[in-house]
Amino acid sequence: MSMAKHTFQTEVNQLLDLMIHSLYSNKEIFLRELISNASDALEKLQYLTLTDENLKNLQYTPRIDIHFDEEKKILTLSDTGIGMNESDLVENLGTIAKSGTKSFISKLSGDKKKDSALIGQFGVGFYAAFMVADKIVVTTKKAGEENAYAWLSEGKGDYEITPCSKESHGTEIKLFLKEEEKEFANRWRLEGIIKKYSDHIPFPIFLHYTQKKNDQEESKEEQVNKASALWRIPKNELKEEDYKEFYKSLSHDSHDPLAWVHTKVEGSQEYTTLFYLPSKAPFDLYRVDYRSGVKLYVKRVFITDDDKELLPSYLRFVRGIIDSEDLPLNVSREILQQNRILANIKSASTKKILAEIENLAKDEEKYEAFFKEFGRALKEGLYGDFENKEKLLELMRFHSSLSPNKKISLQSYKERMKEGQKAIYYLMGENADLLQNSPLLEKFKKREIEVLFFDEEIDSIVMPMVNQYGDLPLKAINSAEADKDFEEESVSEGEKERFKPLLERFEKALSGEIKSVRLSKRLVDSPACVVADEDDPNFAMIKMMRQMGNALGDFPEPKPILELNPEHPMVGKLLALEDEERASDYAHLLLDQAKLLESGSLKDAVGFAKRLNAMLERAI
């Protein structure tokens, strides 16, 4: 087989361009990334020697070796891990296979400072090496296979793959350092980086160097990391920095975590967990093909990092480790999904994580930043995690009519309820500014009653399932149910009789567009509003279902109820209007105006403009 020349995928070229032009000021993390990849390769082989019949008798010593030549400016890192064949090289070093990653990289703006923060969430991986090297040669042989390959690139758009010879399985990465990066071929610099970032990589890292003794050069090999699983070390022996650096190695995140929870359980079940709450959301948080952030070990042996069942999906932003003493080492993915031991660990871990988030919520400023990143994901838990629903409700935050700029908790709302108020009132929509100016709020503002805003798309799915908080019911203010709470201000029989001709005229003019027209006392300054029949699904829910691709079949979009304010001067004047055509125009304009205030858009904007222009022309 001869040399094969390949072109980097477009997204890889974008990434390389950012790397080579010094996107990162902290270039030393390239070594952390390469060591982390080597550790992953060793973990995968360790697992396969337990589960793959072809590799069960493979003899090898798991280790990572680092050589350097200060004079030639060459740094070499090798491992005895799983290795790669030709197709692995193309997939792992020439292509970004995950569609989420492609989408993420395509959105990079070209603003280096902004992109630096974004790409830190992505995890820089192997390509970080091009920050310090102008040429990289990867020599590799996959465990259980005969052929070895050399991959070579200068990071300029293409790479070569050539058959080569290599005695044992594993991967060697040789970096030809740029002149200005020769510091990374220095023993003390390398040792410092390894101790800083990779001390708790669970495999020994050996640094090779020469030392002069009696005018003779002597080759030395020194293990420079502890090679201990950090999560197995007692908490009282670990410092804050230990946890932070391990997190960065585990997650490839350049930011410090917000918090972590480290637990060792003994008794009928034995396991250790270490979970981190990131400070920034991973780029694929809201993608179906998101990658799990939790690694599963059994007795310190890596099992998988791609099982989305280890934690509830709404906690997919959590990074960490689960290490069980009770699971079999050869446990399959199918067994994992139905395993009682793992189900118990999952349930207990979820409670621990939620307790840590609750603890974080005591610091309002920190929690505000956390909820901005992960609040939408947490809300998903209200839909499916009934076991922890009450805890999750305590963690929710919403804008309100009295707090448009700072989100508040349900508990805060409850504490400042008006005397005699017996329900929590909310208004649902997709735009907080529109909600803040909704005509539906007018009576509540007059009564000084606070209204919560459910202003995210996810709210339309999960919040209708939340009927109450503690002993308080939740009521939408655009429903007839909420209006019943204020019977003392209901429309009188005299008003109903007086406005009956107008209501009938409007219903005739708007036939097919509305469910009904009625008078309402919920308005103060506005002439009209639209509300939903309490038996109908809300508009936000229908929009969300369509965006998610759910077929509604022949189910019609619910028609709104148009409510008129009998105390508004315009409505009073319309009562005396005899021109049927003008009355029809006014009916449509009031309906369109009410819809516009509710959703910010109209289906028939042209018709609205024509009617408005005709009105203006007559007025002028």
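Me: Which residue is the bridge partner of phenylalanine 275 in S14?

Reply: Look for the residue across from it on the neighbouring strand: for phenylalanine 275, the partner in S14 is glycine 320. Keep in mind that this is a predicted model. The two strands involved are S11 (residues 271–277) and S14 (residues 319–324), joined by 6 bridges and running antiparallel.

Me: In what order do the strands of that open sheet come?

Reply: Read across the sheet, not along the chain. Here 5 strands follow the order S10-S11-S14-S12-S13, with mixed pairing. Strand S10 (259–265) and strand S13 (301–304) are at the edges with a single partner strand each, so one side of each has no neighbour in the sheet. On average, neighbouring strands in this sheet are turned by 20 degrees against each other, ignoring direction.

Me: And how many bridges join S10 to S11?

Reply: There are 7 bridges, and S10 and S11 run antiparallel. One example is tryptophan 260, whose bridge partner in S11 is tyrosine 276. S10 and S11 form a hairpin with 5 residues between them, and in the turn glycine 267 has a positive phi of about 135 degrees.

Me: Where should I picture the side chains along a strand?

Reply: The general idea is that in a regular strand the side chains alternate between the two faces of the sheet.

Me: Tyrosine 276 has a ring. How do I describe a pair of aromatic rings?

Reply: Such a pair is described by the distance of the centres and the angle of the planes. Searching the whole structure gives 21 aromatic pairs. In one of them, tyrosine 247 and tyrosine 276 have ring centres 5.0 Å apart and planes at 50 degrees, so this pair is tilted. Tyrosine 247 belongs to helix H7 (residues 240–251) and tyrosine 276 to strand S11, so the pair ties together parts 29 residues apart in sequence.

Me: Now the other open sheet: which strands are at its edges?

Reply: Start again with the order. In this sheet 9 strands run S1-S6-S5-S4-S7-S3-S2-S8-S9, and the pairing is mixed. The edge strands are S1 (4–7) and S9 (216–223), each of which pairs on one side only. Here, too, the average turn between neighbouring strands is 20 degrees, direction ignored.

Me: Do S2 and S8 run parallel or antiparallel?

Reply: Strand S2 (residues 64–69) and strand S8 (residues 205–213) run parallel, and 4 bridges join them. As an example, aspartate 65 has phenylalanine 206 as its bridge partner in S8.

Me: Which helix lies across S2 and S8?

Reply: That is helix H6 (residues 187–197), which lies across S2, strand S3 (74–79), S8 and S9 and runs at about 155 degrees to S8. H6 also packs with helix H2 (residues 29–51), at an angle of about 65 degrees and with the axes 10 Å apart. The crossing of H2 and H6 is right-handed. Ile29, Leu31, Arg32 and Ile35 of H2 make the contact with Leu190, Ile193, Ile194 and Tyr197 of H6. By residue type, this contact has 7 nonpolar, no polar and 1 charged.

Me: At roughly what angle do H18 and H21 cross?

Reply: For two helices, look at the angle between the axes and then at the residues that meet. The axes of H18 (residues 500–509) and H21 come within 9 Å and cross at roughly 80 degrees. These two helices are therefore roughly perpendicular to each other. On the H18 side, Arg505, Phe506 and Ala509 meet residues of H21 including Glu580, Ala583 and Tyr586. The contact of H18 with H21 divides into 6 nonpolar, 2 polar and 2 charged residues.

Me: How does H21 cross H22?

Reply: The axes of H21 (residues 580–599) and H22 (residues 605–619) come within 10 Å, crossing at roughly 125 degrees. That makes H21 oblique to H22. The crossing is left-handed. In this contact, residues of H21, among them Arg582, Asp585 and Leu589, meet Phe608, Arg611, Leu612, Met615 and Arg618 of H22. The residues of the contact between H21 and H22 comprise 5 nonpolar, 2 polar and 5 charged.

Terms used. Residues are numbered from 1 along each chain as its sequence is written. This is a predicted model: local features need pLDDT of at least 70, side-chain atom pairs count only at pLDDT 80 or more; totals for chains, interfaces and linings use all residues. Side-chain values use heavy atoms; hydrogens and water are left out. Axes are lines fitted to C-alpha atoms, for helices over the stretch in contact, and angles run from 0 to 180 degrees between N-to-C directions. Angles under 35 degrees count as roughly parallel, over 145 as roughly antiparallel, 65 to 115 as roughly perpendicular and the rest as oblique. A crossing is left-handed if the near helix is turned anticlockwise from the far one by less than a right angle, and right-handed if clockwise. Contact means heavy atoms within 4.5 Å. Ala, Val, Leu, Ile, Met, Phe, Trp, Tyr, Cys and Pro count as nonpolar, Asp, Glu, Lys and Arg as charged, and the others, Gly among them, as polar. Two strands pair if DSSP finds at least two bridges between them. Rings of Phe, Tyr and Trp (its six-membered ring) pair if their centres lie within 6.5 Å; planes under 30 degrees apart count as stacked, over 60 as edge-to-face and the rest as tilted.
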